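Please take me through this protein structure, from its overall layout down to individual residues, in terms that a computational chemist can follow.

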Amino acid sequence: MCCTGKCARLVGLILLPSAFICMIANLLLFFPNGEQLDSDHISLQVWLMGGLIGGGLFMLCPSCSAIRAGGKGCCGAGCCGNRCRMLNSVFSSAFGLVGSIYCTSVASTGLALGPMCQVANGEWESPFENLGTGNQSYLVDQTQWDTCVFPENVVMWHVVLFGMLLCVGVLQMVLCGIQVVNGCIGCICGDCRDSKEDDGGL
């Protein structure tokens, strides 16, 4: 049987590094290809900071709460233990769900619209914004990437980092959903581990 405490701790240990991955990816989006650009040359989706806020800061609380729920509870040990922290992790994970939804929404929009860059005529614009989807999308037709002349490799930078945010955001959404259910079960039924299992390991 998979104990609710072990499950909560595992969820928390995955959520915590994922939060830092989102924050780092979002920060890197401000410096396409390592270039420092003017603020008006950065796309709106980067400034919305879905990774820094939604997938990052919003995820620290549920990750720490889930890890704590995997330890000894404030209500004792065994089948009657850990209910208080499990209940807290339910609310924290629901908060994390909001953050992950925000992160994935911003990331998917950023991927759909593409980066802001300098085109051949010297203007700064989002050249892929009105191309539509399907075979016309710049994500499918990589020959369109040459439309951006500066910063170099800005399209790949944009696609890789926003793609990371989208994937990690979806993972966070699934994990937070699992912990909401797991926390409710743990709050009602308690943790199936005995006191010896609480002292070490997952």
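A contact, as the word is used here, means heavy atoms within 4.5 Å. The model is a predicted one, and among its contacts between residues at least 6 apart in sequence, 76% join residues that are at least 24 apart. The protein has six helices and two strands, which follow one another along the sequence in the pattern α-α-α-α-β-β-α-α. Of its 202 residues, 44% count as buried, while the accessible surface comes to about 9900 Å², with 66% of that area belonging to carbon and sulfur atoms.

The interior can be approached through two serines. Ser 65, which is found in helix H3 (residues 50–69), has a relative accessible area of 5% and therefore counts as buried, the cut-off for that class being under 20%. If residues up to four places away in sequence are left aside, Ser 65 touches Arg 85, Asn 88, Ser 89 and Ser 92, and the side chain of Ser 65 also reaches the backbone nitrogen of Ser 89 at 3.4 Å. The other serine, Ser 93, belongs to helix H4 (residues 83–113) and is buried, with a relative accessibility of 0%. With the same exclusion of residues up to four places away in sequence, Ser 93 touches Pro 62, Cys 176, Gln 179 and Val 180.

The cysteines give a second way into the structure. The count comes to one disulfide, and this bond joins Cys 117 to Cys 148, with an S to S distance of 1.9 Å. The torsion about the S-S bond is about -65°, so the disulfide is left-handed. Because Cys 117 lies in strand E1 (residues 117–118) and Cys 148 in the loop between strand E2 (124–125) and H5, the pair ties together parts that are 31 residues apart in sequence. Both Cys 117 and Cys 148 are buried. Elsewhere, Cys 84 is partly exposed at 37% relative accessibility, whereas Cys 167, at 56%, counts as exposed.

The loop between E2 and H5 deserves a further look. Pro 151 is found in this loop, and the peptide bond that leads from Phe 150 to Pro 151 is cis, with omega near -5°. Asn 153 lies in the loop between E2 and H5 as well, and its phi is near 60°, a positive value in a residue other than glycine; Asn 153 is partly exposed, with a relative accessible area of 46%. A positive phi in a residue other than glycine is also found at Asn 33, where the value is near 55°. Asn 33 sits in the loop between helix H1 (4–29) and helix H2 (44–47), and at 27% relative accessibility it counts as partly exposed.

On the surface, Ile 21, Met 156, Val 160 and Met 164 form a nonpolar patch, with about 330 Å² of accessible area together. The largest share of this patch, three residues, comes from helix H5 (residues 154–189). Met 156 is found in that helix and has a relative accessible area of 46%, so Met 156 is classed as partly exposed.

Notes
Residues numbered from 1 in each chain as written. Predicted model: local features only at pLDDT ≥ 70, side-chain atom pairs only at ≥ 80, totals over all residues. Heavy atoms only, no water. Helix = DSSP H or I, 4+ residues; strand = E, 2+ residues; numbered from the N terminus. Buried < 20%, exposed > 50% of the residue type's maximum accessible area, 1.4 Å probe, protein only. Polar contact = N/O pair within 3.5 Å; in protein donor to acceptor, adjacent residues only side chain to side chain. Areas by Shrake-Rupley, 256 points an atom, 1.4 Å probe, with all protein chains shown as cover. Patch = residues over 30% accessible without salt bridge, like charges linked within 9 Å, V, L, I, M, F, W, Y side chains within 5 Å. Salt bridge = Lys/Arg side-chain N within 4 Å of Asp/Glu carboxyl O. Disulfide = S-S within 2.5 Å.
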